[in-house]
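Hello,

Thanks for agreeing to take a look at this one. The sequence and the structure come first, and my notes on what turned up follow below.

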Amino acid sequence: MITVTESAQNELIKYFEDKETQPIRVHLADGGCSGPRLSLALDELREGDKSVEQGDLTFLINEELAEASGAVSIDMTPYGFTVSSENQIGGGGCGCSSCGTGSCGC
């Protein structure tokens, strides 16, 4: 299940005001030294996807990722969109050579 806060929905609707509305994919993106993280991208429906309608917006997520992540929440912050899940995705923790120095948030 994908839930989208009102502020995130409003921001996405505003983005598409002068564009053709496209499906928005929830996907696993490289997170640097903190590991993979959920992110958003414009995309097309693919085989093996779940599709969720939220008002005029369509969200896509691969069925395997949906199963692994559990419920997904999309919110808008002053820094951009945040995508969080019920279950931890990726390895978590820090895998960079700066661990313990505080330079990568470890």
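**Overall layout**

Among contacts in the chain between residues at least 6 apart in sequence, 49% join residues at least 24 apart. Please keep in mind while reading that this is a predicted model. The chain has two helices and seven strands, and from the N terminus on the order of the elements is β-α-β-β-β-β-α-β-β. Of its 106 residues, 31% count as buried.

**The largest pocket**

I began with the pockets. The largest pocket holds about 200 Å³ of space. Which elements each supply at least two residues of its lining? They are helix H1 (6-15), strand E3 (37-42) and strand E7 (80-85). E3 gives the largest share, with six residues.

If you would like to colour the lining in your viewer, these are the residues to select: Leu-12, Tyr-15, Ile-24, Arg-37, Leu-38, Ser-39, Leu-40, Ala-41, Leu-42, Phe-81, Thr-82 and Val-83. By residue type, the lining of the largest pocket divides into nine nonpolar residues, two polar and one charged.

**Salt bridges**

Next I turned to the charged side chains. Side chains of opposite charge can pair when their charged atoms come close. How many salt bridges does the structure hold? There are five.

One of them is in helix H1, where Lys-14 and Glu-11 both lie, three residues apart, or about one turn of the helix. The closest N and O atoms of this salt bridge between Lys-14 and Glu-11 are 3.6 Å apart. Lys-14 has 47% relative accessibility, so Lys-14 counts as partly exposed. Glu-11 is also partly exposed, at 30%.

Another salt bridge joins the side chains of Asp-18 and Lys-19, at 3.2 Å from N to O. Here the two partners fall into separate classes: Asp-18 is exposed, with a relative accessible area of 67%, whereas Lys-19 is partly exposed, with 39%.

**Asp-43 and its network**

The residue I would look at next is Asp-43, found in the loop between E3 and strand E4 (49-54). Is Asp-43 buried or exposed? The relative accessible area of Asp-43 is 16%, and because buried means under 20%, Asp-43 counts as buried.

Asp-43 belongs to a network of salt bridges that links Arg-25, Asp-43, Arg-46 and Asp-49. Within this network, the side chains of Arg-46 and Asp-43 meet in a salt bridge with an N to O distance of 2.6 Å. Arg-46 is partly exposed, with a relative accessible area of 49%, while Asp-43 is buried.

Looking at polar contacts, the side chain of Asp-43 makes one with the side chain of Arg-25 at 2.5 Å and one with the side chain of Arg-46 at 2.6 Å. What does Asp-43 touch once its neighbours within four places in sequence are left aside? Asp-43 is then in contact with Pro-23, Arg-25 and Leu-60.

**Gln-54 and Gly-55**

Two neighbouring positions round off my notes. Gln-54 lies in strand E4. With a relative accessible area of 18%, Gln-54 is buried. The side chain of Gln-54 reaches the backbone oxygen of Ile-2 at 2.9 Å. Leaving aside neighbours within four places in sequence, Gln-54 is in contact with Ile-2, Thr-3, Val-4, Gln-9 and Phe-59.

Gly-55 sits in the loop between E4 and strand E5 (57-62). Gly-55 has a relative accessible area of 65%, so Gly-55 is exposed, whereas Gln-54 is buried. Gln-9, one of the contacts of Gln-54, comes up again here: the C-alpha atoms of Gly-55 and Gln-9 are separated by 8.7 Å, and the two residues are 46 residues apart along the chain.

**Where to start**

If you have only a few minutes, I would open the pocket lining with its six residues from E3, and then the network of Arg-25, Asp-43, Arg-46 and Asp-49. I would be glad to hear what you make of them.

Best wishes

Conventions. Residues numbered from 1 in each chain as written. Predicted model: local features only at pLDDT ≥ 70, side-chain atom pairs only at ≥ 80, totals over all residues. Heavy atoms only, no water. 1 Å grid on protein atoms, 1.4 Å probe; cavity = no way out; pocket = protein on both sides within 12 Å on 5 of 7 lines; lining within 4 Å. Points joined across faces, edges and corners; volume = space filled by probe spheres on them. Helix = DSSP H or I, 4+ residues; strand = E, 2+ residues; numbered from the N terminus. Nonpolar A, V, L, I, M, F, W, Y, C, P; charged D, E, K, R; others polar. Salt bridge = Lys/Arg side-chain N within 4 Å of Asp/Glu carboxyl O. Buried < 20%, exposed > 50% of the residue type's maximum accessible area, 1.4 Å probe, protein only. Polar contact = N/O pair within 3.5 Å; in protein donor to acceptor, adjacent residues only side chain to side chain. Contact = heavy atoms within 4.5 Å.
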